[in-house]
Amino acid sequence: MHGHEDVHFSSSSIRINPESSHDHSFLANLQSCSKTLSSHLSNTRLSLTRMLDSLKTRHTSPRAKPVRRHNSPTQMLNSVTQLMIGSKSPLLSLSLIQSTQSIWSDPGAERLSSPLLCCASLSLNRPSESSTQSVEGKDAIQQQQVQKGHSSASRNAEERVLISEVLVRTKDGEELERKDLEVEALAALKACRANSALTVREVQEDVHRIIESGYFCSCTPVAVDTRDGIRLMFQVEPNQEFRGLVCENANVLPSKFIQEAFQDGFGKVINIKRLEEAITSINGWYMERGLFGIVSDVDTLSGGIVRLQVAEAEVNNISIRFLDRKTGEPTKGKTRVETILRQLTTKKGQVYSMLQGKRDVDTVLAMGIMEDVSIIPQPAGDSGKVDLIMNCVERPSGGFSAGGGISSGITSGPLSGLIGSFAYSHRNIFGRNQKLNVSLERGQIDSIFRINYTDPWIEGDDKRTSRSIMVQNSRTPGNLVHGNQPDNGSLTIGRVTAGIEYSRPFRPKWSGTAGLIFQHAGARDEQGNPIIKDFYSSPLTASGKTHDETLLAKFESIYTGSGEHGSTMFAFNMEQGLPVLPEWLFFNRVNARTRKGIHIGPASFLFSLSGGHVVGNFSPHEAFAIGGTNSVRGYEEGAVGSGRSYVVGSGEVSFPMRGPVEGVLFTDYGTDLGSGNTVPGDPAGARLKPGSGYGYGFGVRVDSPLGPLRLEYAFNDKHNGRFHFGVGQRT
């Protein structure tokens, strides 16, 4: 708007008065205006034609012969009007009566006599000279009108009168000051043209069209018999010029958006159509954001000020209702109500948003303790607010489970990599969504025993900080770095680990983790005896003892995008060894990985890149291993190389085949950046690992309850082929 000097914005609580018999809202008039106009026009047309018919009847003298029909519509009109006003020029006027009331009251503001919207009726007005006619004559006319009925009215309404001139004037009969408004009114006319024969119905329709143009609040057709013929004038009253805007109760609607919606009309005559478009855009703003809000009333004040009143439904109360899994009836829940409520971003006093409510439902489901969640908004009495009821169906809180999988560190065949698992878990300790998990995984070589306790949201914290305490005893193959021994012997790496971690989201889609982890690790042979060197006399520990001890400070940051596999992801991890005791290792390790997905038609392209580096004194079996199912396909696990540094890149394209099956083409490349010989004992050089390599191939993937099942066949740069099988997405 021009300078916005007269634009005011105010916010307050919603106040909608009950509708009464004498107060009708602007929006109600908006919907009924067309119907009311049509009804008034129809009734008035009938009255007008009956009047013409009765006047022609009175023109017939009892002593004279039957009246001969006029040769033309103009002669007929002249005869009728002469009977009405004698020798004076006749005046046939069709007046537009406006009627608009608003539900909102403002005693301090002056109401306009001509509001924005109108409904119309037509009447036949005669000059004051005709007022001397007797009452008995009028009664006789009315009796004749009733006798003639609708057939006579319809016949006269279709009779045509020749119009010699069509003009647009003010309500006082003067020329319009603004010629552009005269052009708009003339452009709206369809039937009324100079030197055309018109019916009453056609005049009525053009009156309607002028009003529908949106620029005028009243229109009165006036027919005057002149020497040159009948002149038809449309006496119009333009709307006020738009000089300012007041918007009330818009608590969440940005003032900038309102200004942009109305700024093109500032200083111009108010156009009802443009006003409706602006109101529609405001209502659309609420709808796009799922907000319960709408423009409830529009009013025009003196001085060209438009007042908008917005109704925004605020949240009055939020309640939790637990439903039985089988019957669906209300029941007592195990979860504490405050544990659920603190997960919600919707709060009391906010304007309710359906989109925000959907996100809250997804958040509660992500807690893992609910089977079904829904939100039902209900009106909070007559306050204009809403009460929210969240229905929750709880899952069983705990139990035993068993399963299986495949270890990616096994190189002697897929069957030897099979592992079984057994676990007990409780998802909702004390009704606070705290989780306890005790699990055992066992294979021919692998074994992991883990106890893990997680509090997803520490009580009293407002940053959604979670805490996890973990104790683990594991034994994993050492083939990734120290495999391929000539005597076909194998070794395992045993680790006893305990730690605590804290995680929290610090930005949308970003989360961070910090923790302390203590690790006691060493190597053992096939008989379970501790060893400090492999077959090539490469050391297996950094300290020279049978085990290394490390206290790690861990920092990690993850960006997850939309959370889907093909979405953008970035993760950065850093571990710092703290030499609290002299024999504890001191090193720094950083690792980063990212991926990006692109969809082109039915095909999906996925690109991933990862890399890392280690500085300091670290255990050789902790070196970065390159090659395998989740690295460079076409090679065995760790067969490309192992070093202090690494970079691995991958690109693949997947496409649907049939049902849950999709095909995939891929290529991978990895390198240790020449750092293999910097690992203590150079285990990669002793095994003649190339240090870099690439692979390419094809495969199929099938969606399953366990995740994608991947079967792939790849060739490496030495033209050797190899099958790869995996469960879940590549890490």
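Here is a friendly exchange about a few packing and pairing details in this predicted model.

Me: Let's begin with the sheet: in what order do the four strands of the open sheet stand?
Reply: Happy to start there. The pairing in this sheet is mixed. S10 and S11 pair in the antiparallel sense over two bridges, while S10 and S13 run parallel, joined by seven bridges. The order is S11-S10-S13-S12.

Me: Which strands stand at the edges of that sheet?
Reply: An edge strand here has a single partner strand, so one side of it is left without a neighbour in the sheet. That describes the strand at 330-331 and the strand at 370-379. Their names are S11 and S12.

Me: In S11, which residue is the bridge partner of phenylalanine 322?
Reply: Good one, as phenylalanine 322 also stands opposite cysteine 392, and that residue is in S13. For S11, leucine 323 has proline 330 as its bridge partner. Phenylalanine 322 is bridged in S11 to threonine 331.

Me: And in the hairpin of S10 and S11, which residue takes a positive phi?
Reply: Between the two strands of this hairpin there are six residues. The phi in question is near 75 degrees, and it belongs to glycine 328.

Me: Which helix lies across S12 and S13?
Reply: The helix spans residues 354-366. Relative to S12, it runs at about 155 degrees. This is helix H9.

Me: Turning to H6 and H7, why is H6 roughly antiparallel or roughly parallel to H7?
Reply: Helix H6 (residues 255-262) and helix H7 (residues 272-288) have axes 9 Å apart and pack at an angle of about 155 degrees. Angles over 145 degrees count as roughly antiparallel. Therefore H6, relative to H7, is roughly antiparallel.

Me: How many nonpolar residues has the contact of H6 with H7?
Reply: On the H6 side we find Phe257, Ala261 and Phe262, which meet Leu275, Ala278, Ser281, Ile282 and Trp285 of H7. By class, the contact has one polar and no charged residues, and the nonpolar ones number seven.

Me: Is the crossing of H6 and H7 left-handed or right-handed?
Reply: The two helices pack with their axes 9 Å apart. Their crossing is right-handed.

Me: Last one: with which side chain does the side chain of arginine 432 make a polar contact?
Reply: Arginine 432 sits in the loop between strand S15 (418-429) and strand S16 (434-443). Leaving aside neighbours within four places in sequence, its contacts are Arg336, Thr339, Arg342 and Glu459. The polar contact, at 3.1 Å, is with the side chain of glutamate 459.

Terms used:
Residues are numbered from 1 along each chain as its sequence is written. This is a predicted model: local features need pLDDT of at least 70, side-chain atom pairs count only at pLDDT 80 or more; totals for chains, interfaces and linings use all residues. Side-chain values use heavy atoms; hydrogens and water are left out. A polar contact is a pair of N or O atoms within 3.5 Å; within protein, one must be able to donate a hydrogen and the other to accept it, and residues adjacent in sequence count only if both atoms are side-chain atoms. Contact means heavy atoms within 4.5 Å. Axes are lines fitted to C-alpha atoms, for helices over the stretch in contact, and angles run from 0 to 180 degrees between N-to-C directions. Angles under 35 degrees count as roughly parallel, over 145 as roughly antiparallel, 65 to 115 as roughly perpendicular and the rest as oblique. A crossing is left-handed if the near helix is turned anticlockwise from the far one by less than a right angle, and right-handed if clockwise. Ala, Val, Leu, Ile, Met, Phe, Trp, Tyr, Cys and Pro count as nonpolar, Asp, Glu, Lys and Arg as charged, and the others, Gly among them, as polar. Two strands pair if DSSP finds at least two bridges between them.
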